[in-house]
Amino acid sequence: MKSRTLSVKLFTLLLLIVITFNISAEVTFGEMNLYSSKDVIFTAKDDLPGETRVKNYTTLFKANLDTKFLHQLTFFPERVLYLKEKGIIQINNRFGVFRSDKTLKRYHPVLEFPSFVNGSQIYTGKISGTKASPDGRWLVYMVQSSPAYGKLVLMDLNNNKETIISPDVEYSYGEPRIIWADSSLLLIYEKAGSLYYYSVDKKSAGASIAENFRRIGNGRINNAAWAGDSLLFLKDTFIFRINRSEIFTKSLYSDFIDIGEVVGRIPFSFDSNFDNYWTSPDGKELIVSKGGRNLFYCRLDRDTLFKLVDVESLPYIFLPRGTEIKNLIWDKTGTVTVLTSTIVRGKKETALFRLYTYVKEPAFVRLDEFGVFDIFASDDMTKVALAKDSNVVIMEYQHWLPVKEYSFNTPLHVIWLNNDDIAIFGKNVGEIVKIKTDERDILTVSRIDTCGYNKEFSSIICSVDGKYFKWDGLGGWTETGLNEYDPEKIVSDDYRLYIEKIPGGSYKNMIYARNIKEYKTVPLFPVPEIKYDPMPVKEEPVDLKNFSHGSRVRGRYISLVFNAVKDDSGFTEVMSLLSDYGIRATFFVSGDFIRRHPSAVKEIADSGHETGSLFYYNFDLTDARYGADKEFIVKGLARNESEYFKITGKELSLFWHAPYYFVNSMMLEASKQMNYTYVGRDVIILDAKSDKDANYETSQFYDSAANLLETIIAEKRPGSIIPITIGKPDDGRGDYLFQCLEILINNLIASGYEIVPVSMQIDMAK
């Protein structure tokens, strides 16, 4: 008995080590080197959640020990933006927002944004994006005010003046959910299931009226697209064109009338939660993504507006399960290029397709290109850059012929500075490349491997990927040509530096400077004020046969549980995010889901996620009208096992929960006889309730996805099990909790939680 107990404890210890090794949100400081008696360089290493190509990076800083003034020396390009009007580049990362000078080589923090060198805490989790106007004068970005909401902010780059476009907008990563008009004077934004306009031209009609009078109609940003200064609005099956004057004058009546002129119709209803569309430059053609499964090409033709169009007659492409549209380019000649990403056995594979709309019978054709991470078109649309794992390929766009190829370690962003010069920002460095002459020059260093001070160059030296660079003292880097170097060891008569661990927060340790002459010790930079969620003092009882939560005191572990009932809407997005973040989750699949979506079930199994049973039948098993007894429970669980095995060739885990989580003692006893553990939840979220059901009894518990997310964040605790429903209910919803999954994951990471399957929580609770 003792040996068994010992082996269980050893297994649990090893499990904790594996979990801790794989997932961490802590910043680690290190690599301290004095380069004068009062100046030091040091590094900060941070994870990069959600980025499949780079797991973490190390940033280099210098500091003066007397003044505590910090200066950042390297800039990892988490997000990059070219501000055309100023001719400069903006880099966003978890340390702040930085802009270059005109040389594009020297980067400095933007004071209007919080930054580590100016006293702000280093952010852990994914950072949000920024969207520039077409002319490069205006920036729009989100300032998070709570887990699910934020302020939509406009910045005028001429004077760095900020204006709040709208408060309490649903927060999102990536670019803000807005679209700019080509004129850069008008934008459309999404809020609470409606679309609104905002004018930056204060002289225009309707520019200064209240937000509720700027509402265009129900919908999401997916419903809208600009065609010149006219707005296309896809509602149900109809496409409306709204000219600029109508946006200003008729939005006052959007509650009562549809604004604009009907200019086309698609042969199916458009659902902005799952569908998307793109327009040709002249706004007369569409490509519609239906549920991420199919791409359809449609022409807007008023002569055939009300004729029934057969979907099968449209040019279309059927995409494999687990596919997302990553990018789409459409030039004025009618040549469309589509980049897709598909999950295959838990890993992502990309593909490129082309469509020529100017031919008599257009059709989608797959290109012979593999391993393309992203595509970037030049302003004149004559060339496109393909970013791959170890190179960037320049293609002539119209005829798809190679122009140039440049080796580059993990390119993340490509910016066309003009039609012949590009800036490539990658995992290690940023470079400018002149395509006509093939000249290449270093712009900035992204991350470092080692650092030190070299007397020969009288400069700070860093190395990355086997190359050595020296600091020019002004804010830029140049390559040294060295193959190796020995950093100088400088000792100060005034200071000693050391590192000390600090618990309970996103900083794993702190750097302290001890003033030898003044007998005082101070941190080199502010100690973080934001701490991880506090650990409970007392353990709560855990029922290993009716498991509703894990240990409250053994660590900040939490489980995400995905319930696949009938519909598979949102499944691709969920699987993609779990893959991006390297998360192994727990899925519960019903008999209905297995029968309807066998390929999705196989994808869950092949991706290595844990899979439990949601019973074979989907109804309230506790309802006395159905007379469910022990034999019915046993047979229902057994049948689900058999159906799952037929599809996957694998066995279901011995975990289950009843439909709707309705359970009684008889059901628990019956499943116990089969050695099943019932998995409940301690965060109760009714995310499958429809907002369209007029019955008060069933619709009273409806809440928006953003509010559900706020509830989860408020109620989560160490050991919590958080359930999320995949798919849409029969009556649909305005929005879905799984659409907020990335925000939830990042909030958990930033709060110090490690996301693990339910089985790990059970093992740790024994």
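Colleague: What makes E33 and strand E34 partners, and how many bridges join them?

Modeller: Strands here are DSSP runs of at least two residues, numbered from the N terminus, and two of them pair if DSSP finds at least two bridges between them. E33 and E34 (residues 421-426) are joined by 5 bridges and run antiparallel, so they count as a pair. Within this pairing, Val 414 stands opposite Ile 424 in E34. Please keep in mind that this is a predicted model, in which local features need pLDDT of at least 70 and side-chain atom pairs count only at pLDDT 80 or more, while totals for chains, interfaces and linings use all residues. Residues are numbered from 1 along each chain as its sequence is written, and side-chain values use heavy atoms, leaving out hydrogens and water.

Colleague: Why are strands E33 and E36 said to stand at the edges?

Modeller: The open sheet has 4 strands in the order E33-E34-E35-E36, with antiparallel pairing. Strand E33 (411-416) and strand E36 (439-445) each have a single partner strand, so one side of each is left without a neighbour in the sheet.

Colleague: Thanks! Why is the pair of Tyr 57 and Phe 95 called edge-to-face?

Modeller: Rings of Phe, Tyr and Trp (its six-membered ring) pair if their centres lie within 6.5 Å; planes under 30 degrees apart count as stacked, over 60 as edge-to-face and the rest as tilted. The centres of Tyr 57 and Phe 95 are 6.3 Å apart and their planes stand at 70 degrees, so edge-to-face is the right word.

Colleague: And what makes Phe 619 and Phe 632 a tilted pair?

Modeller: Their ring centres are 6.1 Å apart and the planes are at 45 degrees, so this pair is tilted. Phe 619 is in the loop between strand E47 (610-613) and helix H6 (630-648), whereas Phe 632 is in helix H6.

Colleague: How do you know whether Phe 95 and Phe 632 are buried or exposed?

Modeller: Buried means under 20% relative accessible area, exposed over 50%, and partly exposed in between (1.4 Å probe, protein chains only). Phe 95 has 1%, so it is buried, while Phe 632 has 27% and is therefore partly exposed.

Colleague: Why is Ile 178 called buried, too?

Modeller: Its relative accessible area is 2%, so Ile 178 counts as buried. Ile 178 is found in strand E13 (residues 178-180). With contact meaning heavy atoms within 4.5 Å, Ile 178 touches residues including Lys 131, Val 140 and Ile 221.

Key:
Lists of a residue's contacts leave out its neighbours within four places in sequence.
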